[in-house]
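This report describes the fold, the covalent cross-link and the aromatic contacts of a single chain. The structure under discussion is shown below.

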Amino acid sequence: MCGLNPGLIVIMIGLVVETEIGESMRFELDSGKTKCIAEDIKANAMTVGKYSIVNPSEGQPFPDSHKLVVRVSSPKGNNYHLGDQVDSGTFAFTAAESGDYTTCFWANKHKPPVKMTIEFDWKSGVAAKDWSKVATKGQVETMEIELKKLYDTVSAIHEEMFYLRERDEEMQELNKETNSKMATLSFFSLLLCLSVAGLQIWHLKSFFERKKLL
């Protein structure tokens, strides 16, 4: 498979699984502050996210102070989701471009300051598919579901390998261009040094001739 050894393939599988699963987390956010989380997503990969503020008083309505502005944007700055003054929300989209997609949470400023706990679940790729719904709708057996999961995982690994190969080719091309520019710069630097040395010799010779020392 493209000349890769088994050890590298195992590493690749680990990287893809880690990347495709995405992030599930809980964090605290102070009022008036912003926290951004980035996820590297490939083009045409599906991603889903769910966020909510943990109610500080279980069973009671949310305090008015516990509201968020949530924005999901692409590497080029395009908006994919905007939640304004919400305590929970979800988003889902198919990435149009590869790169770091960013989810930013901003809390309104309050006096005295308020600390909010936020639960955030973000998945992309294979992990973004709801296989329980696939099983319900298709009336398929468990083995078939597992095979579909495996097929999608292998496809993701295959795409990741080609993506890494493209990045490697881009880096090699960048190195070639850098080396070429460095060689040109070195040549002109050497030429400049030789020119300056020649001018210094000519100036000294002229000086000594005027003083009749030569």
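Residues 182-202 of this predicted model are 100% helix and 0% strand, with the C-alpha atoms at the two ends 30 Å apart. An unreviewed UniProt entry annotates residues 182-202 as "transmembrane region". Cys193 has 53% relative accessibility and therefore counts as exposed, the cut-off being over 50%.

**Overall architecture**

The chain contains 3 helices and 8 strands. In sequence order, these elements give the pattern α-β-β-β-β-β-β-β-β-α-α. Of the 214 residues in the chain, 25% are buried. The exposed area is about 14700 Å², and carbon and sulfur atoms supply 58% of it. Where contacts in the chain join residues at least 6 apart in sequence, 71% of them link residues at least 24 apart.

**The disulfide**

The structure has 1 disulfide. It is formed by Cys36 and Cys104, whose sulfur atoms are 2.0 Å apart. This link connects distant parts of the chain: Cys36 belongs to strand S2 (residues 34-41) and Cys104 to strand S7 (residues 99-107), 68 residues apart. The angle about the S-S bond is 110°, and the link of Cys36 and Cys104 is right-handed. Cys36 counts as partly exposed, because its relative accessibility is 43%.

**Aromatic contacts**

There are 11 aromatic pairs in the structure. Two pairs that involve Phe105 are set out here.

| Pair | Centre-to-centre distance | Angle between planes | Geometry |
|---|---|---|---|
| Phe27 and Phe105 | 5.4 Å | 65° | edge-to-face |
| Tyr51 and Phe105 | 5.9 Å | 80° | edge-to-face |

Phe27 is in strand S1 (residues 23-30) and Phe105 in strand S7, so their pair ties together parts that lie 78 residues apart in sequence. Tyr51, in strand S3 (residues 46-53), is 54 residues from Phe105 in strand S7, and this pair too links distant parts of the chain.

Are the residues of these pairs buried or exposed? Phe105 counts as buried because its relative accessibility is 0%. Tyr51, at 2% relative accessibility, is also buried, as is Phe27 at 9%.

Phe27, Tyr51 and Phe105 belong to one aromatic cluster, which also includes Tyr80, Phe91, Phe93, Tyr101, Phe120 and Trp122. Phe27 has a further partner in Lys35, which lies over the face of the Phe27 ring at 5.5 Å from the ring centre.

Note on methods: Residues are numbered from 1 along each chain as its sequence is written. This is a predicted model: local features need pLDDT of at least 70, side-chain atom pairs count only at pLDDT 80 or more; totals for chains, interfaces and linings use all residues. Side-chain values use heavy atoms; hydrogens and water are left out. Helices (H or I, at least four residues) and strands (E, at least two) are DSSP runs, numbered from the N terminus. Buried means under 20% relative accessible area, exposed over 50%, partly exposed in between (1.4 Å probe, protein chains only). Contact means heavy atoms within 4.5 Å. Accessible areas come from the Shrake-Rupley method with a 1.4 Å probe; for residues, only the protein chains shown count as cover. UniProt positions are given in the numbering used here, feature names are shortened, and annotations may be inferred rather than shown by experiment. A disulfide is a pair of cysteine sulfur atoms within 2.5 Å. Rings of Phe, Tyr and Trp (its six-membered ring) pair if their centres lie within 6.5 Å; planes under 30 degrees apart count as stacked, over 60 as edge-to-face and the rest as tilted. A charge sits over a ring if NZ of Lys or CZ of Arg is within 6 Å of the ring centre and within 35 degrees of the ring normal.
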